[in-house]
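Biologist: I would be grateful for a close look at one part of this model, set in the context of the whole chain. Please begin with the chain and then turn to the detail.

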Amino acid sequence: MKTAETIDENLDTLIARTMRHELAHYKVDKIREKFGIKAPIEDKYFKDLLEVYFAMLRLNEQEPGHYTSMINKFIKIKESDLKKALIDNLINEGVGTYYERFGQELVIKNIWLSSLGEIINISQYEITMSNTSKNLMYPIISKYGEKGIEYVVKNVPSEKDFSNLQEYQKKVLKKLEKKTKTSIYKQIVSSKN
Ligand SMILES: [Zn+2]
């Protein structure tokens, strides 16, 4: 039976998780700022609109096209802007979920998006998006933490990378490994001088 205490505890957990999740998004914003990288969507209203768009997709698991045509009645969404926003959303949500759960639930369904166009057209948006974002970001963050996020934010996957995101991830991990080795080498050299 649920007592008042367990309900409170659940609420605490939920609040704490949500806060960690949102703070993780803030962290991504700060990283962009630090490196002078523009946010993918600058227009505040358009950004808000897209947030609603993503939220609707999550809640209703509708075909994304359904909402695109609805929104397009009011404002024309450029496909290139939508793509930029979707790539950002994919990375950002991967970071958000990682910190929300402290990297737990690492065993995730091996579902990956196979093209960027697929995000715009697929049904089961939530399942595909959330699994792809976790699959993509978890190994990078658990191994390299903030440095890993920095690297991805600076080198977001291109549209071509979406045909094989696992390959993109491998490249990222390799680069980060190389960077870590060089910085350790630099430390040793500077400590000798
Ligand atoms: Zn989020």
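Biologist: What percentage of the 193 residues of the protein chain count as buried? With that established, please examine helix α4, residues 79–100, and its surroundings closely.

Modeller: The model is predicted, and in it 21% of the 193 residues of the protein chain count as buried. The secondary structure comprises 7 helices and 0 strands, so that the order along the sequence, by the helix and strand assignment, reads α-α-α-α-α-α-α. Contacts across the sequence are a marked feature: among those between residues at least 6 apart, 76% join residues at least 24 apart.

The confidence should be kept in view. The mean pLDDT of the chain is 81, and 74% of the residues reach 70 or more. Helix α3 (residues 64–72) has the lowest confidence, with a mean of 63, whereas α6 has the highest, at 90.

Turning to the helix itself, α4 has 22 residues, and at 1.5 Å a residue it should span 32 Å. That expected span is 1.5 Å times one less than the number of residues. The end C-alpha atoms of α4 lie 30 Å apart, in agreement with the expectation. Just after α4, Phe102 adopts a positive phi of about 50 degrees.

Tyr99 is found in α4. Because 19 other C-beta atoms lie within 10 Å of its own, Tyr99 is classed as partly exposed; a buried residue would need 20 or more. Leaving aside neighbours within four places in sequence, Tyr99 is in contact with Arg20, His21, Leu23 and Ala24. Its C-alpha atom is 8.2 Å from that of Arg17, although the two residues are 82 apart in sequence.

A further pairing involves Glu100 and Met19, which are 81 residues apart along the chain and have C-alpha atoms separated by 7.7 Å. Met19 belongs to helix α1. Met19 counts as exposed because it has 12 C-beta neighbours inside 10 Å, and 12 or fewer is the limit for that class.

The surroundings of α4 include the largest nonpolar core, which has 23 residues; Val95, Tyr98, Met137, Ile141, Ile149 and Val152 touch the most other members. The elements that give two or more residues to this core are α1 (4–34), α2 (44–60), α4 and α6 (125–154). Among the contributors, α6 gives the most, with 9 residues. As a general tendency, nonpolar side chains in soluble globular proteins are buried together.

Val152 illustrates these connections. Apart from neighbours within four places in sequence, Val152 is in contact with Ile91, Ile140 and Val172.

Helix α1 can also be followed to another residue, Arg32, which lies in that helix. Arg32 is partly exposed, because 17 other C-beta atoms lie within 10 Å. Not counting residues up to four places away in sequence, Arg32 touches Ile37, Ala39 and Val153. Arg32 and Val153 are 121 residues apart in sequence, yet their C-alpha atoms are 7.1 Å apart in space.

How values were computed:
Residues are numbered from 1 along each chain as its sequence is written. This is a predicted model: local features need pLDDT of at least 70, side-chain atom pairs count only at pLDDT 80 or more; totals for chains, interfaces and linings use all residues. Helices (H or I, at least four residues) and strands (E, at least two) are DSSP runs, numbered from the N terminus. Two residues are in contact if their C-beta atoms, placed from the backbone, lie within 7 Å. A nonpolar core is a set of buried Ala, Val, Leu, Ile, Met, Phe, Trp, Tyr and Cys residues joined through C-beta atoms within 7 Å. pLDDT is the predictor's confidence in each residue, from 0 to 100.
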